[in-house]
Amino acid sequence: MVRLEHDPLRSGLGKLIEDERSACEEEQRKILFNLSALAGMDAMLGKHADAAEKYHTALEVSQGNRSSMSLDG
């Protein structure tokens, strides 16, 4: 069986997946930024329970989408 070292289809699919992952990560950063800003505004207005709820939601979003990664290189 001949094995191709560079499979263009697999390479192209990998690029599409990576592009989508990057786009999703960027959207998640926007969500977290906005939730934190809204929570800060609530805190300044004395709406501490609302602020805490927004911060909690931001933490859930950030933790819910984490993936394990080897740091060994």
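In this predicted model, Arg 21 has a relative accessibility of 44% and therefore counts as partly exposed. The side chain of Arg 21 meets that of Glu 18 in a salt bridge, with a distance of 3.4 Å from N to O. Glu 18 has a relative accessible area of 40%, so this residue is also partly exposed. The two residues are separated by about one helical turn, because they stand three residues apart in helix α1.

A second salt bridge joins the side chains of Lys 15 and Asp 19, at 2.8 Å from N to O. Both of these residues belong to helix α1, where they are four residues apart, or about one turn of the helix. Asp 19 counts as partly exposed because its relative accessibility is 35%, a value between the limits of 20% and 50%.

Another salt bridge is formed by the side chains of Asp 42 and Lys 54, with 2.6 Å between N and O. This pair links distant parts of the chain, since Asp 42 lies in helix α1 and Lys 54 in helix α2, which covers residues 48-64. The two partners are twelve residues apart. Asp 42 has a relative accessibility of 10% and so counts as buried, the cut-off being under 20%. Lys 54 has a relative accessible area of 24% and is therefore partly exposed. In total, the structure holds five salt bridges, including the three described here.

The protein contains two helices and zero strands. Of its 73 residues, 10% count as buried. The exposed area of the protein is about 6600 Å², and carbon and sulfur atoms supply 59% of that area.

Part of the surface is a nonpolar patch of about 300 Å², made by Leu 13, Leu 16 and Ile 17. Leu 16 is located in helix α1, which covers residues 8-44. With a relative accessibility of 55%, Leu 16 counts as exposed, because the limit for this class is over 50%.

The pockets of the model were also examined. Rolling a probe the size of a water molecule over the atoms shows where empty space is left. The largest pocket has a volume of about 230 Å³. The residues that line this pocket are Arg 21, Cys 24, Glu 25, Gln 28, Arg 29, Leu 32, Ser 62, Asn 65, Arg 66 and Ser 67. Arg 21, described above for its salt bridge with Glu 18, is thus one of the lining residues. Helix α1 gives the most to the lining, with six residues. By residue class, the lining is made up of two nonpolar, four polar and four charged residues.

Gln 28 is another member of the pocket lining, and this residue lies in helix α1. Its relative accessibility is 17%, so Gln 28 counts as buried. In sequence, Gln 28 and Val 61 are 33 residues apart, while their C-alpha atoms are 8.0 Å apart in space. Asp 42, a partner in the salt bridge with Lys 54, is likewise buried, at 10% relative accessibility.

Key: Residues are numbered from 1 along each chain as its sequence is written. This is a predicted model: local features need pLDDT of at least 70, side-chain atom pairs count only at pLDDT 80 or more; totals for chains, interfaces and linings use all residues. Side-chain values use heavy atoms; hydrogens and water are left out. Patches are made of residues with over 30% relative accessible area and no salt bridge: like charges are joined within 9 Å, nonpolar side chains (Val, Leu, Ile, Met, Phe, Trp, Tyr) within 5 Å. Accessible areas come from the Shrake-Rupley method with a 1.4 Å probe; for residues, only the protein chains shown count as cover. A salt bridge is a side-chain nitrogen of Lys or Arg within 4 Å of a carboxyl oxygen of Asp or Glu. Buried means under 20% relative accessible area, exposed over 50%, partly exposed in between (1.4 Å probe, protein chains only). On a 1 Å grid over the protein atoms alone, a cavity is a set of points where a 1.4 Å probe fits but cannot get out, and a pocket is an open set with protein on both sides within 12 Å along at least five of seven lines; lining residues have an atom within 4 Å of a point. Grid points are joined across faces, edges and corners, and a volume is the space filled by probe spheres set on the points. Ala, Val, Leu, Ile, Met, Phe, Trp, Tyr, Cys and Pro count as nonpolar, Asp, Glu, Lys and Arg as charged, and the others, Gly among them, as polar.
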